[in-house]
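This report walks through one structure, moving from a single residue to the packing of helices, the fold of a chain and the contact between chains. Please keep the sequence and the coordinates at hand while reading.

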Amino acid sequence: MSVAASDHGTKLERPVRQTYGRILGYVAPYRQRVALTVMLMLLTSAAVLVAPALVRQAINEGMAQRDEAALLRYGLLFLAVIVGEAVGLRLQMYNMIWIGQHAVMAVRRDIFYKYLDLNLSYFDHNRIGDMMARVTEDSNALERFITWGVINMISNLFTLVGIIVLMLAYDWSLALLTFTVLPLMIGLTLWWRKLSSQRYRAVREAVGVVSASLQENLSGMRTVQAFVREYREKSRFSEVAETELQASLSADKLASIFMPGIDIIAQLGIAIVVGVGGIRVLNGDLDAGTLVAFLLYVNLFFDPIRDLARRLDQFQEAAAAGERILAVLEAESDIQDAPGAQPLDQMDGAVEFRHVDFAYVKPRHELARDADRAAANGHTPAATPDTSDGDDPAQVLHDITLSVRPGETVALVGHTGAGKSSLVRLLGRFYEIRSGEILFDRRPIRSITIASLRGHMAWVPQDTGLFAATIRDNLRYGRLDATEDEIIAAARETGAHDFISRLPKGYDTEVEEGGARLSTGQRQLISFTRALLADPRIIILDEATSAVDTVTELQMQAGLRKLLQGRTAFVIAHRLSTIVRADQVVVMDHGRIIERGTHDSLLAARGHYYHLYTTQLQGQIAE
Amino acid sequence: MNILIRILRYMRPYWRRAALIYAVLIVITLLTLVSPWLIGSAIDAALGTQTESALYPASWSRERVLVTTAIVIVTLAIVRGLGNFAQSYGTQWLGRRIAYDLRMDLFSHLQRLPFSFYDRTRVGQLMSRVTGDIDEIRFFAGVVIGDVLNLVLLLTGIYGIMFSISARLTLIFLIPLPVLFVVAYLFGMRLEPYFGAIRTARGEMYARIQENLSQIVVVKAFSREEYARQQFQDDNTRVLNAWIRVAKLYSSSLPAIWFIVSLLTFLLLYFGGEWVIDDKITLGTLVSFNAYVGLLSLPTHRLAFMIDVIARAIANGKRIFAIMDTTPEVKTRLGAAHPGEFKGHIRFENVSFIYSASEDEPEVEVLFEVSFEARPDTVTAIVGTTGSGKTTLIDLVPRFYDVTGGAITIDGYDVRDLPLKLLRSQVGFVMQNTFLFNATIHENIAFGRPEATAQDVIAAARAARAHDFIMEFAGGYQTLVGERGVTLSGGQRQRIAIARALLVNPRILILDDATASVDSHTEIEIRAALQHLMQGRTTLIVAQRLSTVMHADQILLLHRGQVVERGTHAELVALGGRYAQLWRLQTEQDIQVEEIDITAVLDGQFEALEAADGPDRQGDRKS
């Protein structure tokens, strides 16, 4: 298999046998069923082999000897064999799909669970589309491999060997003569496989171009029509469609050569049997039954060969997909509870940062890959990440020291990329700090279990992070056991209840993915209510930037005040009203805290905040 | 059936070739019927039995007969191989040509369908019509028609030959056939719904994974990994169950179909063997019959899939033709006027627009008896609440929709009496959401005038204040934008859209202003570009900013599809209505004119008003 894998140009990074081993490990829980299926498979293959032999006996002992009893005997035996074959096939087929689907279900589960456990830095370095492909296409490739690939491979080999052995046993010289067509068949198959994989690749590319231009045309239809471009679009599309047509036809042509080609070779084999075998029957050194059996076996020959050729692709595909999946499953999730970490049952909400430095660290395997790439390009491999230098470009936060008393609100202000989001993410220990210390109620963050730490916090992200579920389900996301009354009470407090109850379906309204049907202000209110319902000690809030109308704005302010009451809060602030009310305003720039104080004291200082205020904040309608 | 005939009508341009291809297919199928007969007589010759039909001169020795038969088999195989290549490629070719033509027809038709169609249809749906659905029709129109022809011919041919030899044998052989057809039919008809169920379940599971991956911060922040795991496992199990259903379907149908074919062999062996013993038929005849049964096995295995393809072709054809039968309600009228270049005098006379009902949305009255006049070289600003019909109003001018009452005239011509192409080529449009194509910046700007020179494009870009940022890209005007190219900011996209409209040099300019999401510096740039763009044209602008509105020649304030205030800035301020209130925000609260989002403020005002009126009048109107 490793030879086959490498001739395709896909360089695999781990031994193929190991990949297959790991993939097949997913079948292990069902090993009894697998054993049963393999047995059934051997049985059905044997039935395929035995049938012509029975025909042979029926002819030789029944018809040639004019023995009706023998004819009846072999006839009934034949019937028994085909009934057995049908029953066996039925069970075999069901079990194959059953095993394949159960195994791939476990694969999907493992990948998804792994994703949930991985650090945020994994998500920073991998696109969601690629991550999805592991659960979709790659898993499906494994399923095909497990369901059809492995078992059919065995069954085909078994059948092929069986035919060869039986033919040799019946008459070795005629068998050897017939086998002379085998190299032709294998040669044709290999030639075809090589060429067709090239042509089908061209087809796939052309199809991709067609759907891309189609997608573009349809999405931009309003612009197309507004600028009277319909005619040009037609000729543009007909060009790409024509290219796809030609590529497909060239692949079709190849496919049309293959089947008739195999047929010609098979007929050549039959001609040999008829010519040579027939003359030998005539001379009396071959019986008629064997001749007929040979004819039947030659016909059985080429199915397994063709099938084996197809399986080779499946095996390669599975090796590549398996490797990608294993890479996910083996990715490290280094943020775990430290040994001896204790849950924090009660939290007052005092938070302290002491000289915290933080840098986004690439996962180890990516560093290795980068080094490989650099080496391949002839550069000297990059040195290990430099930890001594404060000017490391990956470093996001420098020497952050901050002390927050329980119940205080901290407003973080600064330009995009100043490090505000990174700072608040450290609170939930989504990343590991490089140096310094973060303390909650005077306990170091690493001495607290992650679940209990996050359990005391609620997050209101900027895009509000709503799910495609009902409003009710979204609200109780932070506390799944919340009762209806509690939900409504919380919604009343934030002011979300008014607009929710005005919706035709109320709390049962489906929120589309990303909260598409609701206005920005409404989404924020839902997000506030969700956080309030979780009743956390610490609130982390990334304020929405976009403008909302005055009424909603006032509602949001009221909701926010309610939410922040009596809790420690970190707010990435965009709204002047929030900043004015904050106990501490922290101005950040390039990962450092450059100013701190209250709104008034900072204005009076006439520094960075003053500048920010006059250019960006002053004009807001808020207040 | 009508659908199938309509599909087959696409064969008409190729009928000569189609006739030739199917003629070859028929000849090949008939030739296939010869081989078993040859083999049978060869066996008889080898055994020395008297043959029913003398294939070769009686004087020939048996050896000569056998060798000749072998040679004939190979020759026939080669002829058949060539023919098979021709018909296999030919049917593929035919299917692809038909699919190509059908696809181009559908594509062309889509270019003519009005905006209202696209409002209701998702791009993804249309994509699968033009790609996947047509692809399945292709399979039907080429290959499957050939398959059906092949199966019918084989069946009649084989049973015909059988009947000529033994009517009784034929009768016995007819018994399993109806069962075969019934099983294949039931199986084939279930395939699509069963696989449809898998697709649906999978789609839901994938959506769930995608959502959790993109909201990973929320999931982790609320420690909802376990909840996500549970939900996912439910989806995962649903996919599994859908597959198990397929496994049951497969395992109960396919082995049964194969069994019936094997049963034919048994019947032959048992009854035929008897007759061989009784010398009613020769052993050769029996062997050739056996070979005939072998010929049947492949097409009968495919029977179920043929039924599936035909069922899909009907379903897909229905969907596709439904689109093609949607007549574009907006089209050039016969005997349309040709006034040449417009002066640009627009008049709305009691214009009403009702958005007609569709599946899940009721009829919506968007505009009600709107009348106004826009003289050449003036600017008309339209302001209003969300959903007041502003965007619809301007969409009516280039006939993206047709009025449902009243009339719109340009220079005295009803827009419905003007050729669409003429009308739209003189109306420049800058839409709210700028759509850019995956092409170079040059191509995007020249979208409405592809023959424009580089100088023209640069001049337009300069006027739109886009030249400077374009030149900052390494590729300049040849820079690719969109998915495969650079990502442009909202402000940059808008300036490209303005340049695009400028290049067409339209008499009438329609702007849907969406500067809410850009920073103030960019906004000033865009505003300057717009000023330039509006010079010397009739302009209708849906405005968001007071600064735009103030200098307009007339202002229309829309609410619920009606003009509630109209006049110049000075007149409206004097009137003391809603607009005057807006203006007071600026003067009394010292908010700069650029900072006021008119729509948002108006929404707030009207909402407050209605809250006071009572909640009975809910206006959820589409703009």
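Leaving aside its neighbours within four places in sequence, with which residues is B:Ala461 in contact? The model is a predicted one, and in it B:Ala461 is in contact with B:Ile445, B:Ala466, B:His467, B:Ile470 and B:Ala499, once neighbours within four places in sequence are set aside. B:Ala461 has its place in helix 14 (residues 454–463) of chain B, and it counts as buried because 27 other C-beta atoms lie within 10 Å, where the threshold for a buried residue is 20 or more. B:Ser352, by comparison, is separated from B:Ala461 by 109 residues in sequence and by 37 Å in space, C-alpha to C-alpha.

Two asparagines of chain B deserve a separate look for their backbone angles. Phi of B:Asn350 is positive, near 45 degrees, in a residue other than glycine, and phi of B:Asn505, which is not a glycine either, is positive at about 55 degrees. The table sets out the surroundings of these residues together with those of the alanine discussed above.

| Residue | Location in chain B | Other C-beta atoms within 10 Å | Class |
|---|---|---|---|
| B:Asn350 | strand 1 (residues 346–355) | 12 atoms | exposed |
| B:Asn505 | loop between helix 16 (490–504) and strand 7 (508–512) | 15 atoms | partly exposed |
| B:Ala461 | helix 14 (residues 454–463) | 27 atoms | buried |

Also in chain B, helix 9 (residues 225–277) and helix 10 (residues 283–324) pack with their axes 10 Å apart and at an angle of about 170 degrees, which means that helix 9 of chain B is roughly antiparallel to helix 10 of chain B. To this contact helix 9 of chain B brings residues including B:Trp258, B:Leu264 and B:Gly272, while helix 10 of chain B brings, among others, B:Phe289, B:Asn290 and B:His301. By class, the residues of the contact between these two helices are 12 nonpolar and 7 polar, with no charged residue.

Chain A is divided into domain 1 (1–170 + 310–333), domain 2 (172–285) and domain 3 (400–617), and the centres of domain 1 and domain 3 of chain A, taken over C-alpha atoms, are separated by 53 Å. Its secondary structure comes to 22 helices and 10 strands, and 41% of the 623 residues of chain A count as buried.

An open sheet of 6 strands in chain A has the order 6-7-8-3-9-10 and mixed pairing, with strand 6 (457–460) and strand 10 (592–597) of chain A as the edge strands. Within this sheet, strand 3 (residues 409–413) and strand 8 (residues 568–572) of chain A run parallel and are joined by 4 bridges, and A:Ala411 has A:Val571 in strand 8 of chain A as its bridge partner. Helix 13 (residues 420–427) of chain A packs on the sheet, its direction making about 155 degrees with that of strand 8 of chain A, and helix 18 (residues 520–534) of chain A also packs on the sheet, touching strand 6 and strand 7 of chain A.

Finally, the contact between the chains takes 109 residues from chain A and 112 residues from chain B. Helix 10 (residues 230–282) of chain A gives the most to the side of chain A that touches chain B, with 29 residues, and that side divides into 65 nonpolar, 25 polar and 19 charged residues.

Methods: Residues are numbered from 1 along each chain as its sequence is written. Chains are lettered from A and ligands numbered from 1 in the order in which they are written. This is a predicted model: local features need pLDDT of at least 70, side-chain atom pairs count only at pLDDT 80 or more; totals for chains, interfaces and linings use all residues. Two residues are in contact if their C-beta atoms, placed from the backbone, lie within 7 Å. Helices (H or I, at least four residues) and strands (E, at least two) are DSSP runs, numbered from the N terminus. Ala, Val, Leu, Ile, Met, Phe, Trp, Tyr, Cys and Pro count as nonpolar, Asp, Glu, Lys and Arg as charged, and the others, Gly among them, as polar. Axes are lines fitted to C-alpha atoms, for helices over the stretch in contact, and angles run from 0 to 180 degrees between N-to-C directions. Angles under 35 degrees count as roughly parallel, over 145 as roughly antiparallel, 65 to 115 as roughly perpendicular and the rest as oblique. Domain bounds come from an automatic or database domain assignment. Two strands pair if DSSP finds at least two bridges between them.
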